[in-house]
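User: I'd like to learn how to read a few features of a protein model, step by step. Could you walk me through one?

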Amino acid sequence: MKPLILSLILIAVLTAAPLKFSGVITDSMCANGDHSQMRMGPTDAECTNACVEAHGALYVLYDGKQSYTLSDQKKPEKFAGKKVTVMGTLDAKTKTIHVDSITAP
């Protein structure tokens, strides 16, 4: 019985541990990082921030295949249009990363 309990605790700790995600900070309207259709500014960063501010889009992390909504919508602003590393936990059901930190690689 004790090994089972210890195994369950270990699984719970590992699944809650922050993971590292890499990609580009973009917005949910241009979730694949292609801003050529929107062009809300001369750069990807300005377009991303404009879509969030003016159109209610959300900051997302695009890893080249998939976009993940970021739980923290303040930290990503200064990283808009840039490649970053996000530390956090993933809610696979909602495709949301619960952000612990965002850093430039």
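**Reading the model, feature by feature**

User: Let's begin with the overall picture. How many helices and strands does the protein have, and what pattern do they follow along the sequence?

Analyst: Happy to help! Keep in mind that this is a predicted model. The protein has two helices and five strands, and along the sequence they follow the pattern α-β-α-β-β-β-β. Of the 105 residues, 30% are buried. The accessible surface comes to about 6,500 Å², and carbon and sulfur atoms account for 61% of that.

User: What share of the contacts between residues at least 6 apart in sequence join residues at least 24 apart?

Analyst: That share is 57% in this protein.

User: Now the aromatic rings. How is a pair described, and which class does the pair here belong to?

Analyst: The general idea is that a pair of aromatic rings is described by the distance of the centres and the angle of the planes. A search of the whole structure gives one aromatic pair. Its members are Phe21 and Tyr68, with ring centres 6.4 Å apart and planes at 45°, so the pair counts as tilted. Tilted covers angles that are neither under 30 degrees nor over 60.

User: Where in the chain do Phe21 and Tyr68 sit?

Analyst: Phe21 is in strand β1 (residues 19-27) and Tyr68 in strand β3 (residues 67-70), so the pair links distant parts of the chain, 47 residues apart.

User: Are these two rings' residues buried or exposed?

Analyst: The cut-off for buried is under 20% relative accessible area. Phe21 is at 13%, so this residue is buried. Tyr68, at 16%, is buried as well.

User: How do I check the length of helix α2?

Analyst: Compare the expected span with the model. The twelve residues of α2 (residues 44-55), at 1.5 Å a residue, should span 16 Å, and the end C-alpha atoms lie 15 Å apart, which agrees. Just after α2, Gly56 has a positive phi of about 75°.

User: Which residues of α2 are buried, and what covers them?

Analyst: The buried ones are Cys47, Thr48, Asn49, Ala50, Cys51 and Val52. Their cover includes β1 and β2 (59-62). Strand β1 is also where Phe21 of the aromatic pair sits.

User: One last residue: where is Asp72, and which backbone nitrogen lies 3.1 Å from a polar atom of its side chain?

Analyst: Asp72 is in the loop between β3 and β4 (83-91). The backbone nitrogen is that of Lys75. Asp72 has a relative accessibility of 18%, so this loop residue counts as buried.

How values were computed
Residues numbered from 1 in each chain as written. Predicted model: local features only at pLDDT ≥ 70, side-chain atom pairs only at ≥ 80, totals over all residues. Heavy atoms only, no water. Phe/Tyr/Trp six-rings, centres within 6.5 Å; stacked < 30°, edge-to-face > 60°. Helix = DSSP H or I, 4+ residues; strand = E, 2+ residues; numbered from the N terminus. Buried < 20%, exposed > 50% of the residue type's maximum accessible area, 1.4 Å probe, protein only. Contact = heavy atoms within 4.5 Å. Areas by Shrake-Rupley, 256 points an atom, 1.4 Å probe, with all protein chains shown as cover. Polar contact = N/O pair within 3.5 Å; in protein donor to acceptor, adjacent residues only side chain to side chain. Expected span 1.5 Å × (residues − 1).
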